[in-house]
Amino acid sequence: MTRDRKLDHIQLAFDSQTDFAEQDQRFIYEPMLAGHPTDEDDSFLFLGKMVRAPFWVSSMTGGTGVAEKINKNIAQACREFGFGMGLGSCRKILFDKTQWADFDMRETIGPDQPLWANLGIAQIEKLLKDKNEKAIVDLVGELRADGLIIHVNPLQEWFQPEGDRIEDAPVDTIERLMDRIHIPLIVKEVGQGMGDESLKRLLKLPLAAIEFAAYGGTNFSNLELMRENPEKQEMFQPFAFVGQSAHQMVKNVNRLLQEIGEPGCRQLIISGGLKNYLDGYHLTTLSQLPAVYGMASAVLKHATGDYSELKTYIGNQLKAFRLAKQYLKLNPDYDGS
């Protein structure tokens, strides 16, 4: 047995060669300064609740038939591992409860983990114009959610064949909503992030958090374009490649904090283009504001089947994050290139 293992090591020594081109230059590896991570409680306060993991499952799905199973799997993982989730767009249940079960996740996630409802900026704008902001309060209350995510998606709405037209600047609509109702709000984009001026306006508001939904992951503008005829796809395709990456946005927020002083919004959900725990560790450590990291499509891939598959994936993700935290320091010379 020992001899076979040694023979394996000889072959594996050749197969495991790495190249300098593959080196992850974001980190400095420090193997001398800590033992292996343990399962000790690392709880911290985020979105008003004690969470045990710096993870977040970004808003994805609802009202699609399979959504109830997906959301229940995710909510169960949130409860077991101690992190929060945002529901997919709740527009379908705003006035019609037919598909309520797809979104009704409080019993599954339990009382202690963050659970947030979700509506688009176009719906918020219309409800305010109709003087029906009570519908928003009722939705959040009936879902027993901790607050509302507002997804801001002007390009997606423009390219969506059945999309709504946004009349006012989204940040003005958000400010009007905050004047009329008093529930915690998270504001997010939908796959292309946002630039300095948008971030600066949001950071000054007393939001619970800003979620990046940055460029580099699932891009809902591009997704809607794929549903269009070839002529329209060809015309508008360049819009799919604009936006800000999560790394760019973290650096921009850090710089803006020096400009504006004390921000109104003091928490971030860093999502969009994050492929693994090292991306999450790098960006949450780089952020000067308390932050968790979110991955939507990677979780969705494991949430459609049996819960055990998602449980294994999340468990390994968080173990690897703790390992990174133990042995990796940020490289101060890394510029993001």
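Trainee: Let's start with Asp 24. Where does Asp 24 sit?

Mentor: Asp 24 is in the loop between helix H1 (2–15) and strand S1 (27–29). Keep in mind that this is a predicted model.

Trainee: Why does Asp 24 count as partly exposed?

Mentor: Its relative accessible area is 32%. Buried would need a value under 20%, and exposed a value over 50%. Asp 24, at 32%, falls in between, so partly exposed is the label.

Trainee: And how far is Asp 24 from Asn 331?

Mentor: They are 307 residues apart in sequence, but 9.9 Å apart in space, C-alpha to C-alpha.

Trainee: What does the whole chain look like in terms of helices and strands?

Mentor: The protein chain has 14 helices and 12 strands. Of its 337 residues, 47% are buried. Among contacts with a separation of 6 or more, 78% link residues 24 or more positions apart.

Trainee: How many disulfides are there?

Mentor: A search of the whole structure turns up 0 disulfides. To be called one, a pair of cysteine sulfur atoms has to lie within 2.5 Å.

Trainee: Then what makes Cys 78 buried?

Mentor: Cys 78 has a relative accessible area of 0%. The cut-off for buried is under 20%, so the value qualifies. Cys 265 is also at 0%, and therefore counts as buried by the reasoning just used.

Trainee: On to helix packing. How do you know how H2 and H14 are oriented to each other?

Mentor: Start with the axes. Helix H2 (residues 67–81) and helix H14 (residues 307–327) have axes that come within 10 Å and cross at roughly 40°. Roughly parallel needs an angle under 35 degrees, and roughly perpendicular runs from 65 to 115. An angle of roughly 40° fits neither range, so the pair is called oblique. The crossing is right-handed.

Trainee: Which residues make the contact?

Mentor: On the H2 side, Asn 73, Ile 74, Gln 76, Ala 77, Glu 80 and Phe 81 take part, and on the H14 side Tyr 307, Leu 310, Lys 311, Ile 314, Gly 315 and Leu 318. Sorted by class, that contact has 7 nonpolar, 3 polar and 2 charged residues.

Trainee: What makes H11 and H12 roughly parallel, then?

Mentor: The axes of helix H11 (residues 246–260) and helix H12 (residues 277–286) come within 10 Å and cross at roughly 10°. That is under 35 degrees, so H11 is roughly parallel to H12. In this contact, Ala 246, His 247, Val 250, Lys 251 and Asn 254 of H11 meet His 282, Leu 283 and Leu 286 of H12. By class, the contact has 4 nonpolar, 3 polar and 1 charged.

Trainee: Val 57 next. Why is Val 57 called buried?

Mentor: Its relative accessible area is 2%, and since buried means under 20%, Val 57 is buried. Val 57 lies in strand S4 (residues 55–57). Leaving aside neighbours within four places in sequence, Val 57 is in contact with Ile 74, Phe 83, Gly 84, Met 85, Gly 86 and Val 299.

Trainee: What about Leu 87?

Mentor: Leu 87 is in the loop between strand S5 (84–86) and helix H3 (106–109). At 0% relative accessibility, under the 20% cut-off, Leu 87 is therefore buried. Its C-alpha atom is separated by 5.4 Å from that of Ala 117, which is 30 residues apart along the chain.

Trainee: What makes the phi of Arg 144 worth a look?

Mentor: Phi is near 55°, a positive value in a residue other than glycine. Most residues other than glycine have a negative phi. Arg 144 lies in the loop between helix H5 (134–142) and strand S7 (147–151). With a relative accessible area of 38%, between 20% and 50%, Arg 144 is therefore partly exposed.

Trainee: And is Ala 213 buried or exposed?

Mentor: Buried: the value is 8%, which is under 20%, so the label follows. Ala 213 also has a positive phi, near 45°, and sits in the loop between strand S9 (209–211) and helix H9 (220–225).

Methods:
Residues numbered from 1 in each chain as written. Predicted model: local features only at pLDDT ≥ 70, side-chain atom pairs only at ≥ 80, totals over all residues. Heavy atoms only, no water. Buried < 20%, exposed > 50% of the residue type's maximum accessible area, 1.4 Å probe, protein only. Axes fitted to C-alpha atoms, helices over the stretch in contact; angles between N-to-C directions. Helix = DSSP H or I, 4+ residues; strand = E, 2+ residues; numbered from the N terminus. Left-handed = near helix turned anticlockwise from the far one by under 90°. Contact = heavy atoms within 4.5 Å. Nonpolar A, V, L, I, M, F, W, Y, C, P; charged D, E, K, R; others polar. Parallel < 35°, antiparallel > 145°, perpendicular 65-115°, else oblique.
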